[in-house]
Amino acid sequence: MKHKILPLVLFVAVCLQLTSCNNDDDMSVETVAVTVPVIKSKSEFRNSITIGDAQPTNSDGKIYVYTDLLFYIAQNSGIHIFNNQNPASPVNLAFIQLDGVNDISVKNNILYADNYMDLVVFDISDLSNIQLVNTEEDMLPHYATFPNDILYYQGNLYPASEDEFVAGYTTVQMTREEVESNVNIYDWSTDVFLELFDGAVLSNEVGVGGSYAKFQIFNNALYTISDYSLLTFDITNYNSITQVSETWMNAWFGGELETTFIRKDYMFIGATNGMHIVGLQDEFNPAYTSSFLHATGCDPVVVEETTAYITVRGGNSCGAIEDQVNVIDVSDISSPVEYSTYFLSSPYGLGVKDNVLYVCNDNGINVFNAANPSSLVLENTYNVNSKDVIPLESHLISVGENVIHQYNYTSNFGLELIGTVQF
């Protein structure tokens, strides 16, 4: 019996040793994603602005419409300008390279855009000769968007001078052995890391953006949002722009501001905790008016007449709220009240026209009969790549990942494809 036990013990010992060796091998082979800050020079990106012929793009983007022009705002890349007189065949005219662009707004052929923390101004009255006419340096808030679902972060990369800043974040692959041996790589879930990290109506003169727009123009005021406040700039003279006020949301309760939408003389701000309403009766001194609050979620907002529509998306960094569309009565602007809730998986951007609501989600464009705000009725779903829409008087424009679709309105809440621009 003793002779049988000894070989068994040796066998187990050898197996354990082999397992240990395999684990060591896994440590040196298995890779994990590490988030790394991207450091850029202010002087370099300011000198990199160029205006030229049409260019291809592979960057996610937003859409903006001004008269017969369609703008595709390729995030952190630049602005593609199309002649959209014929939606079936838009003509790609020009490209403005802006490494830090996320939003634009246009009034009287003057285009305003963010370029990281700078506000840049272009004269687009002659599209064959677009001119950069003003740069207001360090005028805008810039916060690099931290990626979702990260586990490890490299914490020893930071700006070395006032000319440098964190432009964004990238992801690199490292072995677990490299991660665990590097004291400058932090686990996102640990307290140590958290302490390090803590710290529309279309007219002839002003264009219109989608439901994710952060730039808006009203009369001679240009608005944008920081995390928790609305910033107002006087653009009466586009060669000399000044910030004239900052409006804090009195009932923000920790929610970050995400999107803006103007209806008449009120602005509706989508935030992670609800919708905030700001009066624009004094365009240079917007006044907080009221809020509709919900659990934490990502939510753009659009408004038609006295009804507001909010898409609320949970999951990832958006929060734990169940995906839904909220319909809000804003007839009493000082006290918004919920009409109804429609549960829809992963809703994104939305638009409304003539009591027809268009909501984008993973299934495509969902078309709702919104004549009765207390009970939305889903009439049609179009299975296309779409994250946001702009319902114009003439037709509907949709934007997805590197693609723009344009549709005619048809009977029975229908959409008929006019044309597609694929990047």
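A salt bridge here is a side-chain nitrogen of Lys or Arg within 4 Å of a carboxyl oxygen of Asp or Glu. With that in hand, let's walk through this predicted model.

**Salt bridges**

Start with D362 and K387, whose side chains meet in a salt bridge with an N to O distance of 3.7 Å. D362 sits in the loop between β28 (356–361) and β29 (364–369), while K387 sits in the loop between β30 (377–382) and β31 (388–391), so this pair ties together parts that are 25 residues apart in sequence. How open are the two partners? D362 is partly exposed, at 49% relative accessible area, and K387 is partly exposed too, at 23%.

Under the same rule, the model has 8 salt bridges in total. Here are three of them, with the gap between their closest N and O atoms:

| Pair | N to O distance |
|---|---|
| D118 and R46 | 2.5 Å |
| R46 and D138 | 3.4 Å |
| D362 and K387 | 3.7 Å |

R46 turns up in two rows of that table, once with D118 and once with D138. Take D118 and R46, with their closest N and O atoms 2.5 Å apart. D118 belongs to strand β9 (residues 118–123) and R46 to helix α2 (residues 42–47), so the salt bridge joins parts that are 72 residues apart in sequence. Is D118 buried or exposed? D118 has 0% relative accessibility, so it counts as buried.

Now for the other partner: R46 and D138 have their closest N and O atoms 3.4 Å apart. This pair also links distant parts of the chain, with R46 in helix α2 and D138 in the loop between β10 (131–136) and β11 (152–154), 92 residues apart. D138 is partly exposed, with a relative accessible area of 45%.

Zoom out a little and these residues belong to a network: K42, R46, D118, E137 and D138 are linked by salt bridges.

**An open sheet**

Over to the strands. Six of them, in the order β2-β6-β5-β4-β3-β14, make an open sheet with antiparallel pairing. Which strands stand at the edges? They are β2 (50–53) and β14 (208–209); each has a single partner strand, so one side of each is left without a neighbour in the sheet.

Strands of a sheet pair through backbone hydrogen bonds. For one pairing inside this sheet, look at β5 (residues 78–83) and β6 (residues 91–97), which run antiparallel over 6 bridges. If you want a spot to find by eye, H80 stands opposite F95 in β6.

Notes
Residues are numbered from 1 along each chain as its sequence is written. This is a predicted model: local features need pLDDT of at least 70, side-chain atom pairs count only at pLDDT 80 or more; totals for chains, interfaces and linings use all residues. Side-chain values use heavy atoms; hydrogens and water are left out. Helices (H or I, at least four residues) and strands (E, at least two) are DSSP runs, numbered from the N terminus. Buried means under 20% relative accessible area, exposed over 50%, partly exposed in between (1.4 Å probe, protein chains only). Two strands pair if DSSP finds at least two bridges between them.
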